[in-house]
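Visitor: I have a chain open on my screen and would like to talk it through before I go back to the bench. Could you walk me through it?

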Amino acid sequence: MASTYCEGKSSWPELLGAEGKVAAAKIERENPLVRAKMVPEGSAVIQNFRCDRVWVWVDKNNTVYRVPMIG
């Protein structure tokens, strides 16, 4: 885990199993400092840490399968 301090809520374990777009909207509503980006299962993403980004990993059914967190 990065040692960077980010403001606001930083993880959303309650969204496991949620529909991707619903999860992304909730994340941005609960922490307006971030943008939630949906990522299909198996996709590659850049590995740099950013306080303004949350990856929302979704499976083929568009269901969140990883805990969304700032990074």
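**A loop, a sheet and some salt bridges**

Guide: Let us start with asparagine 62, which has its place in the loop between strand 2 and strand 3; please keep in mind throughout that this is a predicted model.

Visitor: What is the phi of asparagine 62 near?

Guide: The phi of asparagine 62 is near 65 degrees, which is a positive value in a residue other than glycine. As background, most residues other than glycine have a negative phi.

Visitor: And does asparagine 62 count as buried or partly exposed?

Guide: Asparagine 62 counts as partly exposed, because its relative accessibility is 22% and the buried class is kept for values under 20%.

Visitor: OK, on to the sheet. What is the order of its strands?

Guide: The sheet is open, and its three strands run in the order 1-2-3 with mixed pairing. Strand 1 (35-40) and strand 3 (69-70) are the edge strands, each of them pairing on one side only.

Visitor: Which pairs are parallel, and which are antiparallel?

Guide: Strand 1 and strand 2 pair in the parallel sense over six bridges, whereas strand 2, residues 53-58, pairs with strand 3 in the antiparallel sense over two bridges. To give an example from each pairing, valine 39 stands opposite tryptophan 57 in strand 2, and tryptophan 55 has methionine 69 in strand 3 as its bridge partner.

Visitor: Where does helix 1 pack?

Guide: Helix 1, residues 20-30, packs on the sheet and touches strand 1 and strand 2, and its direction makes about 160 degrees with that of strand 1.

Visitor: How many residues of strand 2 are buried?

Guide: Six of the six residues in strand 2 are buried, and both faces are covered, with Arg53, Trp55 and Trp57 on one side and Val54, Val56 and Val58 on the other.

Visitor: What about valine 34, where does that one lie?

Guide: Valine 34 lies in the loop between helix 1 and strand 1, and it is buried, with a relative accessible area of 1%. Leaving aside residues up to four places away in sequence, valine 34 touches Ile27, Glu28, Cys51, Asp52, Arg53, Val54 and Ile70.

Visitor: Switching to charges: how many salt bridges does a search of the whole structure find?

Guide: The search finds four salt bridges. In one of them, arginine 50 is joined to aspartate 52, with the closest N and O atoms 2.7 Å apart. Lys9, Glu14, Lys26 and Glu30 are joined into one network by salt bridges that share partners.

Visitor: Which partners does lysine 9 have, then?

Guide: Lysine 9 forms a salt bridge with glutamate 14, where the closest N and O atoms are 2.8 Å apart, and its side chain also meets that of glutamate 30 in a salt bridge, at 2.8 Å from N to O. Because lysine 9 lies in the segment before helix 1 and glutamate 30 in helix 1, this second pair ties together parts that are 21 residues apart in sequence.

Visitor: Last thing, which residues form the nonpolar patch on the surface?

Guide: The patch is formed by Leu16, Val67 and Met69, which together have about 220 Å² of accessible area. Leucine 16 is found in the segment before helix 1 and is partly exposed, with a relative accessible area of 43%.

Notes:
Residues are numbered from 1 along each chain as its sequence is written. This is a predicted model: local features need pLDDT of at least 70, side-chain atom pairs count only at pLDDT 80 or more; totals for chains, interfaces and linings use all residues. Side-chain values use heavy atoms; hydrogens and water are left out. Two strands pair if DSSP finds at least two bridges between them. Helices (H or I, at least four residues) and strands (E, at least two) are DSSP runs, numbered from the N terminus. Contact means heavy atoms within 4.5 Å. Axes are lines fitted to C-alpha atoms, for helices over the stretch in contact, and angles run from 0 to 180 degrees between N-to-C directions. Patches are made of residues with over 30% relative accessible area and no salt bridge: like charges are joined within 9 Å, nonpolar side chains (Val, Leu, Ile, Met, Phe, Trp, Tyr) within 5 Å. Accessible areas come from the Shrake-Rupley method with a 1.4 Å probe; for residues, only the protein chains shown count as cover. Buried means under 20% relative accessible area, exposed over 50%, partly exposed in between (1.4 Å probe, protein chains only).
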